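Let's take a friendly walk through a protein model together. Please have a look at the sequence and the 3D view before reading on.

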Amino acid sequence: MRAAARDRNSGGSWDLTALLNAADPRAELAARNLWLVRLLEWLRHPAAREADETPAEGARPLPLLRLTHLLNMLERNPEAATRFAAVLGSVWQDMRAEGLFADVGFAPRMALWSEALHRLRLRLLPDTVDTRELGELFDLLFPDPQDAAWLNAMDEALLARLGTLFDQALPGTGIWRRPMLSGLTMLTGAVHAAGLSGPLRLRMEEGLLGAPQPFAQLPGATERFGEALLADDPEALAPALRYLRALLDHCRLAAESVPRHLEEFGVSVDIMFEVEQLLERLRRIEMLLDCLVSEQPQRELLRLTSSLVDVVQARRSLRTLFARHYSLLARKVAERSAETGEHYITRNAAEYRDMLRRAAGGGLVIAGTTFVKFAVMALSLGAFWAGFWAGANYALSFVLIQLLHWTVATKQPAMTAPAMAAKLDHVADEPGREDFVDEVAHLLRSQMAGIVGNLAVVAPVVLAVQLLCALLFGQTLVGPQQAEYVLHSMTLLGPTLLFAAFTGVLLFASSLIAGWVENWFVFHRLDAAIAWNPRIVARLGAQRAQRWAQWWRGNISGLAANVSLGLMLGLVPALLGFFALPLEVRHVTLSTGQIAAAAGALGWEVLRRPEFWWCVAAIPFTGLLNLSVSFLLAFKVALQSRGLKLAERDRLRAAIWRRLRENPRRFFLPPRPEAPTEPKA
């Protein structure tokens, strides 16, 4: 590395001359490998004089300028050219090149987490040039992300001169074709094994796995192609190549059919990682075939090298790995939430009235939840158990609301956001944007109906129970001491807004948990197990087992959302308290019920207390933050999971404001039914 280091501080042919003089084909392999790394560093790094110069627009990349200079020197100095070619040839002879074609860019095991650990090792541990694997040395030869760019920029004249040099180092095509054929055989073997593995085979379309049985026939077709290529038999090579490529096309179509069956079978990031590896291997096979059968393979070999540089760079990135594979899981979770979210959007007057009715039922249950919460507080339990029983109270209440087909307004946004994001696939044109604006209006109207229905019932019911208990028993269920605590903690002047936003995060998290649990349920085919497991069928009977399977399939998402939300509302603040993070939850419906209970305990005098009105003033802000934070987080995840960049956001914003100015009523009240038109005489 010293020669390359000197070059960065001085600048000229002296360092290149030193590199060429250091070329020794009789040196040990590690020394020759190190010499190649130094040479590539010299091509890549500018000298001090070159670094100070600003390259002209359209100028060739520095590595190509230096490569031209290198070739000029070698052409003027035959002795140096001979040593140079001898080093290249000796390295190729002493290295195992099959792994460069078959392994570089692919995971050693078909599992996402093992690949993540492998990438972490590559980032943390140093590499060595003391290796006989060309695939391992390749990482050190091309470590710069810009290497692919200058390789692709190489013109035909320079490529031809470079090809002449390599022909001198590697005389004849057989010296590089044989390891490439071995790599091809290894790749087709991996494709054969992956395509016949159970997890992928079950998710491929059956029609694509029939004749000609592409995965099963692939190794034999590869062997026949290799024999024809090495025998230099054009009559046998052409049909063997056509058949092999036809099988590869069938394999690719079968692999691409896997995502279409994820709705039925569920998502596994390991399975999708295996599908991606399979498709990438098929692309590599096609590139190797292009190199092997081309009459002028220099350009194809350069394209293959550039592709290998790209995959080496991509394989170093942990962020790319997780972003690419978990975006699929996020999309399927979002789409499952979108199916649920459609039930929370009202589009006409009848659905609006139904939402009010269901929200009123939810408010009635939350009124009971409020009193149970105060009862748990009165027990003076430890922080964890108080949080656990409060969470169990919330979870049971939310589940009861679900089973009664009622609703809680704050659960809607995290479910409706993915449904909204699905509409963004069609916003490129005017009708699509108008449809999206319609959905915005439907959503806001639905949210208003849910909140109005919840609050219109929970506050009067809690207040009525408090007054009734005072008349019958002489005291309220919630006493003055607890009421004073409510007025002190839920005021707008305190951290209520922060707590409300934090609650929105928990609402969003519950929607993700719901989508994940439903995907897990489908992936493990638990609905089919309930319907057809012999022991379950024997115990429940065939018809009841079928009904149970359908019920769980239809309700698993809601149950997961409700239970997880309830437990998080109770337990997360308690657990954070152990780490001195005094975060609490502020759920608009529960908060309204508690404020109503405080008013009932303190009587009419509370109306003259400013702190009461500050608590009342906090209610709309609490609701707004609950709804907006959960919706925006879910909407962002849904957008990212779809791979969408909202380039049309300005037009969408303008369309929404235009609709709001022209017809604001549509955002708050359902559309009036159209009057029937009388038929013309």
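The paragraphs below deal with salt bridges and then with a pair of helices.

Keep in mind as you explore that this is a predicted model. How many salt bridges does the structure hold? The count is 22, and a few of them make good stops on our tour.

Start with E133 and R96, whose side chains meet in a salt bridge with an N to O distance of 2.9 Å. This pair links distant parts of the chain, as the two residues are 37 residues apart. E133 sits in the loop between α8 (112-124) and α9 (134-141), while R96 sits in the loop between α6 (78-94) and α7 (98-102). Are these residues buried or exposed? The answer lies in between: E133 has a relative accessible area of 24%, so it counts as partly exposed, and R96 is partly exposed too, at 42%.

Next, find helix α16, which covers residues 234-256. Here R252 forms a salt bridge with D249, and their closest N and O atoms are 2.6 Å apart. Because the two residues are 3 residues apart in this helix, about one helical turn separates R252 from D249. R252 is partly exposed at 28% relative accessible area, and D249 is partly exposed at 32%.

You can find a further pair within a helix in α19 (residues 298-315), where E300 and R303 lie 3 residues apart, about one turn of the helix. Their salt bridge brings the closest N and O atoms to 2.8 Å. E300 is partly exposed, with a relative accessible area of 21%, and R303 is partly exposed with 41%. Salt bridges can also share partners: in this way E434, D438, R658 and R659 are joined into one network.

Now let's turn to how helices pack. In general, two packed helices are described by the angle between their axes and the distance between the axes. Try this on helix α3 (residues 29-44) and α6: their axes come within 10 Å and cross at roughly 120°. An angle from 65 to 115 degrees would count as roughly perpendicular, so at roughly 120° α3 is oblique to α6. The crossing of these two helices is left-handed.

Which residues of the two helices make the contact? From α3 come L29, R32, N33, W35, L36 and L39, and from α6 come F84, V87, L88, S90, V91 and D94. Sorted by class, the contact of α3 with α6 has 8 nonpolar, 2 polar and 2 charged residues.

Notes:
Residues numbered from 1 in each chain as written. Predicted model: local features only at pLDDT ≥ 70, side-chain atom pairs only at ≥ 80, totals over all residues. Heavy atoms only, no water. Salt bridge = Lys/Arg side-chain N within 4 Å of Asp/Glu carboxyl O. Helix = DSSP H or I, 4+ residues; strand = E, 2+ residues; numbered from the N terminus. Buried < 20%, exposed > 50% of the residue type's maximum accessible area, 1.4 Å probe, protein only. Axes fitted to C-alpha atoms, helices over the stretch in contact; angles between N-to-C directions. Parallel < 35°, antiparallel > 145°, perpendicular 65-115°, else oblique. Left-handed = near helix turned anticlockwise from the far one by under 90°. Contact = heavy atoms within 4.5 Å. Nonpolar A, V, L, I, M, F, W, Y, C, P; charged D, E, K, R; others polar.
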